[in-house]
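Subject: Structure handover

Hi,

Here is the structure I promised to pass on. Have a look at it in your viewer first, and then read on for my notes.

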Amino acid sequence: MGDPSSKAFATRLPAAEVEQLEAALEETGQSKCEFVREAIRYYVSKNPDEIAALYPENSVGRFIAELGDSDA
């Protein structure tokens, strides 16, 4: 029935944003699922709001430790 390692995630958007997304879908030829999945992957990988939960486990701590090691 579906991939047991994936879960559904739904949201509602303002009409103006839906119009932008629909234009992007037409331009790219992607499905809604593909486009939204790629947008979320991009956001998570860039993490522009620096949300701690979006960093891989302990990656911030490792990064800080590595910065300390480079001072030597």
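Below is what I found, going from the overall fold to single residues.

Please keep in mind that this is a predicted model. The protein chain has three helices and zero strands, so to speak a plain α-α-α pattern when you read along the sequence. Buried residues account for just 7% of the 72 residues in the chain. The accessible surface adds up to about 6,800 Å², and carbon and sulfur atoms hold 57% of that.

**The pocket**

You will probably want to start here. The largest pocket has a volume of about 710 Å³. Two elements, α1 (15-28) and α2, each give two or more residues to its lining. Helix α2 provides the largest share of that lining, with eight residues. In total 19 residues line the pocket, and those nearest its centre are Phe9, Lys32, Cys33, Val36 and Arg37. What is the lining made of, in terms of nonpolar, polar and charged residues? It divides into 12 nonpolar residues, one polar and six charged.

Lys32, one of the residues nearest the pocket centre, lies in helix α2. Lys32 counts as exposed because its relative accessibility is 59%, and the cut-off for that class is over 50%. There is also a contact across the sequence to look at: the C-alpha atoms of Lys32 and Glu22 are separated by 8.3 Å, with the two residues 10 apart along the chain.

**Helix α2: a salt bridge and a nonpolar patch**

Helix α2 covers residues 32-46. How many salt bridges does the structure hold? There is one, and it links Glu38 with Arg41, whose closest N and O atoms are 2.9 Å apart. Both residues sit in helix α2, and because they are three residues apart there, about one helical turn separates them. Neither partner is hidden away: Glu38 is partly exposed at 40% relative accessibility, and Arg41 is partly exposed as well, at 49%.

On the surface you will also find a nonpolar patch formed by Val36, Ile40, Tyr43, Val44 and Ile51, with about 370 Å² of accessible area together. Val36 turns up again here, having been listed among the residues nearest the pocket centre. Tyr43 is another patch member to click on. Its place is in helix α2, and Tyr43 counts as partly exposed because its relative accessibility is 31%, which falls between the 20% and 50% limits.

**Two residues in the loop**

Last, a pair of backbone angles to check. Asn47 is not a glycine, yet has a positive phi of about 45 degrees. Glu50 is not a glycine either, and has a positive phi of about 50 degrees. Asn47 is found in the loop between α2 and α3 (59-70), and Glu50 is found in that loop too. Are these two buried or exposed? Asn47 is buried, because its relative accessibility is 4% and the limit is under 20%. Glu50, by contrast, is exposed, with a relative accessible area of 61%.

That's the lot from me. Happy to talk it through whenever suits you.

Cheers

Notes. Residues numbered from 1 in each chain as written. Predicted model: local features only at pLDDT ≥ 70, side-chain atom pairs only at ≥ 80, totals over all residues. Heavy atoms only, no water. Patch = residues over 30% accessible without salt bridge, like charges linked within 9 Å, V, L, I, M, F, W, Y side chains within 5 Å. Areas by Shrake-Rupley, 256 points an atom, 1.4 Å probe, with all protein chains shown as cover. Salt bridge = Lys/Arg side-chain N within 4 Å of Asp/Glu carboxyl O. Helix = DSSP H or I, 4+ residues; strand = E, 2+ residues; numbered from the N terminus. Buried < 20%, exposed > 50% of the residue type's maximum accessible area, 1.4 Å probe, protein only. 1 Å grid on protein atoms, 1.4 Å probe; cavity = no way out; pocket = protein on both sides within 12 Å on 5 of 7 lines; lining within 4 Å. Points joined across faces, edges and corners; volume = space filled by probe spheres on them. Nonpolar A, V, L, I, M, F, W, Y, C, P; charged D, E, K, R; others polar.
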